[in-house]
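Ready for some practice in reading a protein structure? Keep the sequence and the 3D view side by side, and try each task before you look at its solution.

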Amino acid sequence: MTVSEITPEEQTELDKALYDALNPLASAIRSRETGLPADRMWDANPVEVALSVLAAWKVMDGEVKRLTEQAAATAGSYGASYEQLGAVWGITRQGARKKWPDAVSRPVPATAGVLALFGGTAELVRSPSGGWGWTGRGADGVSGTAAERAPYTTAEEAAAHAGAFLKEHALDTGDQS
């Protein structure tokens, strides 16, 4: 038995839990479709009742897919590779990349580079919390940093703020035309 296989006892418990979760949803769907109260939903044509149950399974299937994508993205955010995701799911690395294309982030360096704008420079840096900041010196000699602010979500956002700082601290060329 592999780690992801379950025992017969676990299968029985899983089936019970799934049916327990499904029944209220199936009752609600059936009640909406027929206008009957939920306690009378089973007093109908067996085909219609079975189709209501199938409709509820479809809703649950969509939710399982959504939660699966969320779990893959969470694993990827903690550093799991597509190879690892694929191994857990029983597919190849390429299959995992196709199934969850945004689950694994490319590694981002601790520094994203240096901006040289308006005669000044700013270095983009990643904080230990994962956010981005910058430190810089404008052409007028004024130093600035994003350290006193909350870190930015992306390197691009930090670069935009660093660029604004550098523009604000550019040397006045006297050209007002």
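**Exercise 1. Find how many helices and strands the chain has, and give their order.**

Solution. Step 1: in this predicted model, the chain has five helices and four strands. Step 2: going along the sequence, the pattern is α-α-α-α-β-β-β-β-α. Step 3: add the burial figure, which is 23% of the 177 residues.

**Exercise 2. Locate the largest nonpolar core and say which elements give two or more residues to it.**

Solution. Step 1: this core has 13 residues, and Leu124, Trp134, Ala158 and Ala162 have the most contacts inside it. Step 2: strand 2 (120-126), strand 3 (132-137) and helix 5 (155-168) are the elements that give two or more residues. Step 3: helix 5 gives the most, with six residues. Step 4: look elsewhere too, since another core of seven residues lies apart from this one, and Tyr82, Leu85, Ala96 and Ala103 are among its members. A general idea helps here: in soluble globular proteins, nonpolar side chains tend to be buried together.

**Exercise 3. Work out which residues of helix 3 are buried, and where they sit around its axis.**

Solution. Step 1: in helix 3 (residues 82-89), the buried residues are Tyr82, Leu85 and Gly86. Step 2: viewed down the helix axis, these buried residues fall within an arc of 95°, so they line one face of helix 3. Step 3: turn to the face away from the buried side, and you meet the exposed residues Glu83, Ala87 and Val88. Step 4: ask what covers the buried residues; the cover includes helix 2 (46-77) and helix 4 (93-99). Step 5: just after helix 3 comes Gly90, with a positive phi near 80°.

**Exercise 4. Compare the surroundings of Ser52 and Val47: is each one buried or exposed?**

Solution. Step 1: Ser52 is found in helix 2, and so is Val47. Step 2: Ser52 has 1% relative accessibility; buried means under 20%, so Ser52 counts as buried. Step 3: leaving aside neighbours within four places in sequence, Ser52 is in contact with Ala26, Ile29, Arg30 and Glu33. Step 4: Val47 has a relative accessible area of 54%; exposed means over 50%, so Val47 is exposed. Step 5: Val47 joins Leu51 and Leu54 in a nonpolar surface patch with about 300 Å² of accessible area together.

**Exercise 5. Follow the salt bridges of Lys16 and Arg30: which partners do they have, and where do the pairs lie?**

Solution. Step 1: the structure holds five salt bridges. Step 2: Lys16 pairs with Asp20, with the closest N and O atoms 2.8 Å apart. Step 3: both of these residues lie in helix 1 (residues 8-34), four residues apart, about one turn of the helix. Step 4: Arg30 and Glu48 also meet in a salt bridge, at 3.0 Å from N to O. Step 5: this pair links distant parts of the chain, with Arg30 in helix 1 and Glu48 in helix 2, 18 residues apart. Step 6: check burial; Arg30 is buried, with a relative accessible area of 3%, while Glu48 is partly exposed at 40%.

**Exercise 6. Describe the phi of Phe118 and its place in the chain.**

Solution. Step 1: Phe118 has a positive phi of about 55°, although Phe118 is not a glycine. Step 2: Phe118 lies in the loop between strand 1 (111-117) and strand 2. Step 3: its relative accessible area is 43%, and Phe118 is partly exposed.

Terms used
Residues numbered from 1 in each chain as written. Predicted model: local features only at pLDDT ≥ 70, side-chain atom pairs only at ≥ 80, totals over all residues. Heavy atoms only, no water. Core = buried A, V, L, I, M, F, W, Y, C linked by side-chain atoms within 4.5 Å. Buried < 20%, exposed > 50% of the residue type's maximum accessible area, 1.4 Å probe, protein only. Arc of directions from axis to C-beta. Contact = heavy atoms within 4.5 Å. Patch = residues over 30% accessible without salt bridge, like charges linked within 9 Å, V, L, I, M, F, W, Y side chains within 5 Å. Areas by Shrake-Rupley, 256 points an atom, 1.4 Å probe, with all protein chains shown as cover. Salt bridge = Lys/Arg side-chain N within 4 Å of Asp/Glu carboxyl O.
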